[in-house]
Structure formats: structure tokens, C-alpha cells
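Thank you for making time for this today. I would like to take you through one structure, a part at a time, and I will pause on a few questions as we go.

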Amino acid sequence: MSTNGLPSLSALPSLPAAASPGGAAPPPAFDAGPTVDLTVGGMHCASCVARIEKALQAVPGVSVAAVDLVSGRAHVRLKAPGSSGALPPPEALVAAVKDAGYDAAIVAAGAEPAAEADAEQAERAARLADLRGRLAVALAVALPVAALSMLDVTFPGRNGLFLVLTAVVLGYSGRDFFVSGLSAALRGAPDMNSLVALGTGTAFLTSAAATVAPALFAAHGAHAPVYYEAAVVVVALVLLGRFLEERAKGKAGEAIRRLASLGARTARVVRGGAETEVPAERVAKGDLLRVLPGERVPADGVLVEGTTSVDESLVTGESLPVDKAPGDPLLGGTLNGEAAVLVRATRVGRETALAQVIRLVRDAQAAKAPIQRLADRIASVFVPVVVAIAIASFAAWFFLGPEPHLLRALVAATAVLLIACPCALGLATPIALLVGTGRGAQMGLLVRNAEVLEKAEGITDVVFDKTGTLTVGRPRVTGVHPSAGTSEGELLAVLAAVESGSEHPLARAVLAAAEERSVAAPRAAGVRAVPGGGVTGTVDGVEVVAGSEAFLRSRGIGTPAELLSKSDGGTLVLAARGGALLGALTVTDPVKPGAREALRDLAARGLRLHLLSGDRKAAVDAVAREVGLPEENVIAGLTPAEKVARVRALHAGGARVAMVGDGLNDAPALAAADLGIAIGTATDVARAASDVTLVGGALSGVGTALSLAKATLTNIRQNLFLAFVYNVVLIPVAAGVLYPFTGWTLNPMLAGGAMALSSLSVVTNALRLRRFGSAPRARPARP
């Protein structure tokens with residue numbers, strides 16, 4: 001356990017997975033049995049996830065299975081050794097998934113995180129490329145066929161040409177609808193794919209019969225009808241929505257890929273007194289590793305020779321390097337400072353801190369599987385009802401209707417299936433998302449996908465990181481404290497002289513302060529940096545010592561308590577010349593302009609605000625006071641795993657949590673929260689793990705993001721209503737219920753027009769989001 005009473009990073013697998021209120025449940029708490037990971041292909045909705053989990057859990061020897069729609073992976077926990085029954089071979093799990101109608105493959109147990117991420121990226125890129133190609137073919141056929149049909153342009157052989165082109169679209173572009181949809185229907189669980197397949201298939205077969213054997217219809221005294229344009233337009237529109245969804249979904253894996261890229265690719269292993277450069281994955285426990293300045297540490301280990309400072313923002317988010325001496329631990333993926341050191345590897349491969357952070361992000365993304373879409377829930381009832389109505393319509397017209405029986409029966413059944421085809425339904429979410437996110441981009445907000453908007457609804461708590469989120473993220477001199485007899489300019493000049501050649505963040509802050517105050521730095525000679533301590537040199541022939549209080553004390557130079565009290569949560573950089581103390585500078589990471597006002601606005605909305613940071617308590621408390629956060633909601637010194645645990649503890653208390661962060665160490669918590677918001681200055685990993693990115697970095701964007709999410713989600717729900725209202729009203733008309741009273745029937749061509757009108761209504765409603773932009777309004781505080 002850490003000093004915070006929370007699990008350390010190495011204790012990650014035991015973290016509790018509390019349910020996210022109102023959303024999908026996190027992966028079940030697995031027992032102690034062995035695990036198998038699978039990649040799964042062919043999933044399209046939450047019902048696919050449920051079917052695969054059910055199939056896997058039916059395999060003897062499986063304890064529990066969790067499937068993640070976003071990453072396309074299944075995590076299967078087998079029963080603990082010693083329990084009754086033999087454990088199933090991995091091939092049995094693959095077979096169960098394939099029997100359910102999906103593709104599956106085993107993830108190699110020894111695969112490195114980087115290799116796994118590369119493989120996942122390649123698979124998703126291949127799927128997206130395939131989808132893009134099929135969409136291009138569908139659009140290339142749908143546009144001219146629909147235009148020629150609507151304008152009633154005729155020419156010799158037109159229907160024959162349309163038959164061939166439509167067959168290509170259905171056989172190539174629409175193959176997944178037929179394969180997946182008919183398979184689901186045969187299993188007794190029809191979905192939206194089933195409806196698309198039935199509608200387009202019926203329209204095509206009716207049209208093909210009319211083209212190839214028009215005499216069949218003439219024998220019944222009717223003109224042969226063709227509905228090719230309806231079939232190709234349905235496929236093209238639904239594929240467009242599927243493509244936009246898949247592209248957005250793929251961004252969820254960017255966090256894993258970017259994290260994996262942070263590890264060192266090679267390592268210098270010292271064996272038998274000689275250094276050998278080897279791939280990082282070949283480093284073994286106990287190896288001695290030489291790490292040069294500016295290089296990433298290849299594996300977790302212990303410093304055995306040399307002193308240095310290390311950038312540990314990967315774990316802590318702290319903007320200042322951490323001093324390291326022999327015996328101190330080093331984490332793989334962290335950045336070595338200005339000195340070469342010798343490290344003994346203690347944890348390698350999947351055991352390293354970086355691998356644990358990757359696992360945190362992956363598990364958190366799996367824990368928040370997308371909420372089951374409303375369209376899929378309706379489809380579970382809607383599809384079988386539509387099919388039943390189509391069959392009943394055909395039978396009623398064929399046996400009870402007037403002549404020509406067969407034609408009227410076909411027209412009625414085709415009209416019912418076409419009017420029920422989910423063109424507008426396929427557009428309802430993507431078009432609102434495109435308009436809403438486009439408007440958000442104009443306002444400096446980037447939203448990942450529709451599930452983000454669902455998760456943004458009902459947020460009760462907002463958790464902030466400190467460094468780079470509430471603060472600027474760059475150290476600045478905020479106080480100059482000269483000793484008696486020394487001026488501020490003299491103190492700055494001496495410090496700038498000895499720091500002028502350093503790239504240390506504190507040195508850059510000192511030089512920037514001198515430049516801002518137009519202080520000229522004299523030339524220093526014999527400058528020598530002492531890693532983890534400070535710097536020494538000679539200015540105007542007198543020795544100068546600069547650095548921490550401990551460094552000056554080691555040189556016999558004391559520091560009055562009054563001067564030490566000037567830190568105010570920041571870092572003191574002290575300077576002495578000729579053994580006499582010149583004074584100190586306070587270096588802090590200043591709070592962002594507007595941060596206090598942004599947090600006050602969120603509090604006015606009734607949201608509870610928290611600050612979780614890996615930084616020192618004094619620095620965190622100082623920032624919390626400045627932005628007005630209550631002390632009981634502020635916790636310092638947290639690791640990435642501990643941040644995740646805090647987020648899950650809020651979940652367990654019934655909260656819906658938004659996490660705002662910018663660093664590598666924030667990525668797991670961003671992924672674990674109901675809504676992850678990354679600051680625009682964030683690392684690539686943090687942005688990839690988040691749901692929303694604030695491009696400009698202003699914290700006022702948090703409130704704007706919540707308002708935009710609410711407006712867009714409301715628009716999506718309106719679109720879903722518009723997408724179905726035409727079906728509900730016109731399906732009975734298409735079936736012919738008005739014919740006995742008015743003589744009205746619905747020609748399939750008009751059914752296609754109604755379908756287009758439904759889509760137009762959805763698009764027009766979505767375009768209203770372009771007017772979004774009013775300032776967020778405060779709402780009464782929650783009791």
C-alpha cells in the first residue's frame with residue numbers, strides 16, 4: 001500500500017471495478033484463474049457483445065468473459081486451478097465465437113505492449129480500408145441510379161444495367177448486411193442488419209423478376225415495377241453511418257499505441273565489463289543497463305551508480321525532474337536527465353510501470369463499454385414486427401385482395417420492408433455528431449464519438465489534475481528574495497550566469513525571469529552541474545553555489561528559516577557567493593488565467609469539484625487555495641493507479657465522474673472516468689485516452705463541453721424519433737390498411753420517397769446545432 005492508503009501501481013490487478021452509475025457495468029471481478037485474450041471481428045452493436053459473452057461463458061471451464069466493443073477484444077478468465085473440470089483449450093474459445101457468427105483469434109500471451117498495439121492498429125486499419133472501399137462503390141452507384149430514377153430518365157437497357165449495378169452493390173458493398181443479418185435472424189436474434197438485408201433483398205428480387213421476366217407481371221394485368229434505386233440508396237446511407245462510426249471508434253486505441261511508443265526501443269546492457277546494445281524486449285531481470293543523458297530508462301530498476309534527475313511525469317505528472325541517487329528506484333519509460341547512470345533491471349516486459357499504465361488504460365476503456373444504442377434496443381422488437389407485418393401483408397393481398405393478386409402482394413410486402421429500412425436511423429447519430437462536433441471544433445472542443453455525449457449526461461463530479469491542467473505546466477519565478485545588502489537584480493544576475501548553459505526546467509525559469517527584468521548576466525567560468533543538487537561556478541573570480549537548501553548545506557552554507565518559509569508551495573533556488581548567502585528565488589507552476597472563474601462556474605451548476613495530483617502536498621494545497629477548492633476534496637502524491645482507484649471510489653458512491661487532465665499519468669484516470677477531458681496542451685497519450693479535448697486549453701471549455709454534449713444528445717434523440725415516426729405512421733399504410741376505406745396503397749417508389757423525407761428531416765434537425773454557442777447557464781445546486 002502507498003502512503004495514501006491506496007494500491008500502488010504494482011497492485012493494479014486488484015483494483016476494484018465499481019459500476020458506473022447509469023452506464024455499462026465494468027468488467028466483472030475476475031477470480032484467480034488463468035486468462036486468455038481474444039481479438040474479435042464483426043461486432044457492430046451492444047447486442048453483438050452480449051451474444052459473444054454468452055457464447056464464451058457457455059464453454060465448459062470458463063469462469064467469466066468480458067468483451068469490449070471499442071477495442072474489439074475479449075478477456076476470458078478460466079476457472080481456478082483445482083476446480084472441477086478440465087480447462088478448455090484456447091481453440092475452443094475461438095470456435096465458440098465463430099459459432100456465434102464472428103471472427104476470433106488468440107492474442108499471444110507473451111506479446112509486448114508495443115507489438116500488441118501495432119497489431120491492433122493494423123487490423124483496424126484493414127477494416128476501415130475495406131469499409132471505405134465498399135462505401136465508395138455504393139456511393140458511386142447510388143448517386144447516378146437514384147438521380148436517373150427520380151428524374152424518370154429512360155434509355156434502352158436501363159433496367160438491365162441497373163440490375164447488374166445493384167447486384168454489385170448488394171454483393172460487394174452490402175455483403176455484411178446479408179451475412180450478419182441473415183445469420184442473426186436464423187439464430188432468432190434479428191438486428192438492424194437483418195432489416196437492411198430483408199428490405200434491400202426484397203426490393204432487388206422484385207425488381208430483378210420484373211426486369212428478367214416482365215411477362216410474369218403482365219399475366220396479372222400489371223406493369224413490371226423496379227425499385228433498384230431504393231436498394232442501393234439504403235445500402236449507401238447505412239454504410240456511410242457505419243464508416244463514420246468505425247473511424248471514430250478507432251481513435252479509442254490511440255492511447256494504447258502512443259503509450260507503447262514511449263518505451264525505449266533499445267537498451268545498453270553491461271555484461272562482462274562490455275556494453276552491448278540490444279532490443280529492449282531482450283532485457284532480463286538483473287541486467288545492468290547504461291542509460292545516457294536524455295534517454296528513456298529501458299526497464300524498471302534500481303540506480304546502482306551515478307546521480308541524476310529524472311522526468312517522471314509519466315507517473316506523477318510533476319513538471320520538475322526528480323533527483324535520483326544510488327539505491328533509488330527508476331521506472332521504465334521515464335526520461336533520464338543530465339548524467340549517465342548505471343541501472344539494475346528489476347522488472348521487465350509486461351511487469352514494468354509503463355506496461356501497467358497501458359493495462360490501466362486498456363482495462364478502463366473496457367470497463368466503460370458503449371451504452372447500448374437506442375436503435376438496437378428498438379430493433380430487437382421492431383425487426384421481427386416489421387417482418388411479420390410484411391408476411392401478413394403479402395398473405396392478405398395474395399389470398400384476399402383484388403386482381404392482380406401476386407403483384408399487389410409483392411408491392412405491399414416490398415413497400416413495408418422498404419419503408420422500414422433504417423436509412424434515417426443510420427444517419428440519426430452520425431449526422432448530429434458531425435454537426436455538433438463541427439460546431440464544437442469551431443469553439444475549441446474536439447469530441448470523439450456519440451458515446452461520449454451519452455456519458456456526459458448526468459455528470460455530478462469533476463476531477464482535475466494539477467500540473468498543466470489548473471496550472472500553466474511550466475515553472476516560473478514568482479518570488480525574488482535577496483538577502484540584506486543584495487539587490488534583486490544582483491541575485492538574478494548571479495543565478496542567470498551559472499544557469500545560462502543548462503536545460504534544466506528550473507534553469508530555464510531563472511533565465512526567463514532575468515530576461516523579463518532586463519537583467520544582464522555576467523560570464524561564468526568553470527560551471528559544473530551536480531545532478532540532483534545544483535550547480536557551481538565562478539563569477540568575476542568568486543565562487544558561486546546555487547541549488548537546493550540541502551546542496552548549499554553540504555557546502556557549509558546555512559539558510560535562515562525565514563527564507564525557507566518563502567517557498568509558498570513552490571521550489572526554492574538558493575544562491576551563495578564566496579560562502580555568503582545572496583538570497584533565493586521561489587519557482588512555482590502558476591495557476592492558469594481564468595481557472596478560478598471556470599471552477600466557480602462549474603460549482604454554480606451543482607457539480608462537485610476534486611483535485612487529484614501526483615505532485616507534492618505543499619504545491620497541491622497552494623494551488624487548491626488559489627482556485628478555491630475545498631481542502632477535503634484535494635489529494636496529493638497519487639500514482640496513476642491511485643487516481644483510478646479514487647475515480648472508482650467516486651463511482652461506488654453513486655457519482656458520474658468527469659476527469660480533466662493533460663499528462664501521461666492522467667491517461668488511465670481519463671479512460672476510467674465516465675467522461676475524460678484532455679487539455680489542448682496535453683500529451684498525445686492523454687488526448688487519445690480522453691473523450692473530449694479542449695483545443696485552446698482554457699478551463700472554461702469544460703462547462704462549454706458539458707453544454708454542447710447535452711444539446712447534441714438531445715438532438716440525437718430527436719433524430720431517432722424522426723427516423724421512426726415515418727415508419728410508425730406509414731407502415732400500416734404500406735401494408736394496405738387504408739385500402740378498404742379509401743382505396744389508397746403505398747407504391748414502393750413512394751415508400752422510398754418517404755424514406756428520403758425521413759432522412760431530410762433528420763439532417764435538417766441536426767443542422768440546428770450550428771447555432772449552438774450561447775454561454776452555459778447555471779442551474780440550481782443539487783441538494
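Before anything else, please keep in mind that what you see is a predicted model. Let me begin with Val153, which is partly exposed, because its relative accessible area of 31% falls between the 20% under which a residue is buried and the 50% over which it is exposed. Val153 sits in the loop that runs between helix H3 (113-150) and helix H4 (158-173), and together with Leu151, Phe155 and Leu161 it makes a nonpolar surface patch of about 350 Å².

From here I turn to the salt bridges, of which the count comes to 18. One of them is formed by Asp176 and Arg134, whose closest N and O atoms are 3.0 Å apart, and this pair links distant parts of the chain, since Asp176 belongs to helix H5 (residues 175-186) and Arg134 to helix H3, 42 residues apart. Are the two partners buried or exposed, or something in between? Asp176 is partly exposed, with a relative accessible area of 25%, whereas Arg134 counts as buried at 3% relative accessibility.

A second salt bridge joins Asp615 to Lys466, with the closest N and O atoms 2.9 Å apart. Here too the pair links distant parts of the chain, with Asp615 in the loop between strand E22 (608-612) and helix H21 (617-627), and Lys466 in helix H15 (residues 466-470), 149 residues apart. Asp615 counts as buried at 6% relative accessibility, and Lys466 is buried as well, with a relative accessible area of 3%.

The third one I would like to show you is between the side chains of Asp666 and Lys643, which meet at 2.7 Å, N to O. Asp666 lies in the loop between strand E24 (657-661) and helix H23 (667-672), while Lys643 is part of helix H22, and the two are 23 residues apart, so that this pair also links distant parts of the chain. Asp666 is buried, with a relative accessible area of 0%, and Lys643 likewise counts as buried at 0% relative accessibility. Returning for a moment to the first pair, which residues are joined into one network by salt bridges that share partners? They are Asp130, Arg134, Arg175 and Asp176.

Staying with helix H22, which covers residues 640-652, we also find His651 there. The side chain of His651 is joined to that of Asp674 by a polar contact of 2.8 Å, and His651 counts as buried, at 5% relative accessibility.

Next come the strands, and I would ask you to look at the open sheet of six, which follows the order E16-E21-E20-E19-E18-E17 with antiparallel pairing. Why is one side of strand E16 (476-482) and of strand E17 (524-530) left without a neighbour in the sheet? The reason is that these two strands stand at the edges, each with a single partner strand. On average, neighbouring strands of this sheet are turned by 20° against each other, direction ignored. At the E16 edge, the pairing with strand E21 (residues 580-588) is antiparallel and runs over six bridges, and within it Gly479 stands opposite Thr586 in E21.

Two loop residues around these strands deserve a careful look. Ser518, in the loop between helix H17 (505-516) and E17, has a positive phi of about 55° although it is not a glycine, and it counts as exposed at 66% relative accessibility. Asp540, found in the loop between strand E18 (534-539) and strand E19 (542-547), also has a positive phi of about 55° without being a glycine, and at 68% relative accessibility Asp540 counts as exposed.

Finally, let us look at strand E13 (residues 341-347), which is joined to strand E7 (residues 288-291) by four bridges, the two running antiparallel. In that pairing, Leu288 has Arg344 of E13 as its bridge partner. Strand E8 (residues 300-305) also runs antiparallel to E13, joined to it by five bridges, and there Leu303 stands opposite Val343 in E13. As you follow these strands on the screen, it may help to recall that in a regular strand the side chains alternate between the two faces of the sheet.

How values were computed. Residues are numbered from 1 along each chain as its sequence is written. This is a predicted model: local features need pLDDT of at least 70, side-chain atom pairs count only at pLDDT 80 or more; totals for chains, interfaces and linings use all residues. Side-chain values use heavy atoms; hydrogens and water are left out. Patches are made of residues with over 30% relative accessible area and no salt bridge: like charges are joined within 9 Å, nonpolar side chains (Val, Leu, Ile, Met, Phe, Trp, Tyr) within 5 Å. Accessible areas come from the Shrake-Rupley method with a 1.4 Å probe; for residues, only the protein chains shown count as cover. A salt bridge is a side-chain nitrogen of Lys or Arg within 4 Å of a carboxyl oxygen of Asp or Glu. Buried means under 20% relative accessible area, exposed over 50%, partly exposed in between (1.4 Å probe, protein chains only). A polar contact is a pair of N or O atoms within 3.5 Å; within protein, one must be able to donate a hydrogen and the other to accept it, and residues adjacent in sequence count only if both atoms are side-chain atoms. Two strands pair if DSSP finds at least two bridges between them. Axes are lines fitted to C-alpha atoms, for helices over the stretch in contact, and angles run from 0 to 180 degrees between N-to-C directions.
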